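Q: Please take a close look at one part of this model, the largest pocket. Then follow its elements into the rest of the fold.

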Amino acid sequence: MENKGDFQYPHTFVLLGASGDLAKKKIYPTIWYLYRDNLLPKNTKFVGYARTKQTVAEVREKSKKYMKVRPGEEDKFESFWEANDYVAGSYDKRIDYEKLNQVIFKYEKGPVANRIFYLAVPPTVFEDVTVNIRNACVSIKGFTRVIIEKPFGRDDESSEKLSNHLASLFKEEQIYRIDHYLGKEMVQNLMTIRFANQIFSPSWNRENIASVLISFKEPFGTEGRGGYFDSFGIVRDVMQNHLLQILSLVAMEKPVSLHPNDIRDEKVKVLRHIKPIERKDLLIGQYVGNPDGQGDEKLGYLEDPTVPKDSVTPTYAIAVIWINNSRWQGVPFILRCGKALNERKAEVRVQYKDVPGDIFNGHTKRNELVIRVQPGEALYLKMMSKSPGMKFDLMETELDLTYSMRYREADVPDAYERLISDVFTGTQMHFVRNDELKEAWRIFTPVLKELEEQHVKPLPYVYGSRGPPEADAKLAECDFKYSGSYKWQKPTLS
């Protein structure tokens, strides 16, 4: 951890790829919120770098619709842009990085000065960019940290090549591999739920838990952005990174301490207990148009003009993962993700086993602990209760912690805000370590290769549905009981 004393020195945050979508929609708004809330060192400058020739005023114009400015913050917003600079340059010419270095250097008065580089650049220029930063832009009187965005390769070989390339330029503690899911409030809360509550700790094992479902659902398709997606597919895009990271937090053993490396050691250990996924444990789907839908819903994945006509890239997948250790052996961890589904949702469902010796004539339903990551952070426990009144009937109910109700005044930070703030303070807990990445690809690469080599055709499902009809059978096979008898009601603010 850096000490807070470090915060008095100049820091320069360099955003490479400053003219791209990610920069204007996510990174500029994020650094503005951190600046606004005084969460950055006082003396921080921001430098954008990209091939596009533009001024800071033009960068501001493109980003402003994504940036919230509350009444009374106008002066602060002006001073934020005054702390910004922009340099146009190529990604592969060292001389342009030397110019960038001169721009950064002019802000670095005093004995110590730190630099952070955020790489919001396409994978094709990644190697050039990192080599040039190493050769021309590292800080000579402070730390240099590099934040990189996925994709971290597309299989074990390309990922290994990328990791070796980075390791030849920077130390592991300088590298911050961002997985924005690790910055989400409820994902961070997983550790607390598990290790700070005696009620859950003793039952968090194969004796009590039937299955765990980790879901990520989106209600929209690729809509003309299929080009990038088609070369990766839903498994690489969401499952191999976000969902597997959540799985490791749900399943890992208690770390020795809250030190980032102790936590990441336990995540790696649990991943090492997982065998590579077998074809029989994977179900893939691809959405087709809904003739009764509105607008984009009428179009299937293959009707997206940026997608090859014969593409077998999955837009939906269920993978069943088995952890071969004494805590979890025999418990299926089901990862499920898809586009063009019926709702937007990311959640973890820990489903407990049926009550043994049921005296209620089979009317009991399973307990479920549900951790809702988005939208509307919530934690609720489904349990059985007697219905109110004279009759002795059972009903499902919930112990409910919905953040918007319980913490009405609280401002839950965006994942990127938390993660970028962590890079300034040097906290690596919520970033992916090299060995975690290696294990993740070991688990997924063989089955991804098999799908591609055998040109496996995904199951069709209608845009706006819950996914392929075969998916429910797959869940049932894995001892996940979807009863559909209970709908959690989001409380209305009165």
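**From the chain's backbone to the pocket**

A: Start with D479, which is partly exposed at a relative accessible area of 32% (buried is under 20%, exposed over 50%, partly exposed in between; 1.4 Å probe, protein chains only). This is a predicted model, where local features need pLDDT of at least 70 and side-chain atom pairs pLDDT 80 or more, while totals for chains, interfaces and linings use all residues. Numbering runs from 1 along each chain as its sequence is written, and side-chain values use heavy atoms, without hydrogens or water.

D479 is not a glycine, yet its phi is positive, about 60°. It sits in the segment after α13 (470-477) (helices are DSSP runs of H or I, at least four residues; strands are E, at least two; both are numbered from the N terminus). A340 also has a positive phi without being glycine, near 55°. Its place is the loop between β10 (332-338) and β11 (345-352). A340 is buried, with a relative accessible area of 0%.

Now the largest pocket. It holds about 1,900 Å³ of space (an open set on a 1 Å grid over protein atoms alone, where a 1.4 Å probe fits, with protein on both sides within 12 Å along at least five of seven lines; lining residues have an atom within 4 Å of a point). The volume is the space filled by probe spheres set on points joined across faces, edges and corners. The lining has 46 residues, and those closest to the centre are L22, E149, K150, Y228 and D237. Two or more lining residues come from each of α1 (21-36), α5 (126-136), α6 (156-169), α8 and α11 (415-425). Helix α8 gives the most, with 6. By class, 21 lining residues are nonpolar, 9 polar and 16 charged (Asp, Glu, Lys and Arg are charged; Ala, Val, Leu, Ile, Met, Phe, Trp, Tyr, Cys and Pro nonpolar; the others, Gly among them, polar).

K150 deserves a second look. A cis peptide bond joins K150 to P151, with omega about 10°. P151 falls in the loop between β5 (144-148) and α6.

Helix α8 (residues 226-251) also gives the most to the largest nonpolar core, with 12 residues. That core has 141 residues (buried Ala, Val, Leu, Ile, Met, Phe, Trp, Tyr and Cys joined through side-chain atoms within 4.5 Å). F333 is among those with the most contacts inside the core. Beyond four places in sequence, F333 touches residues including L247, V250 and A251 (heavy atoms within 4.5 Å).
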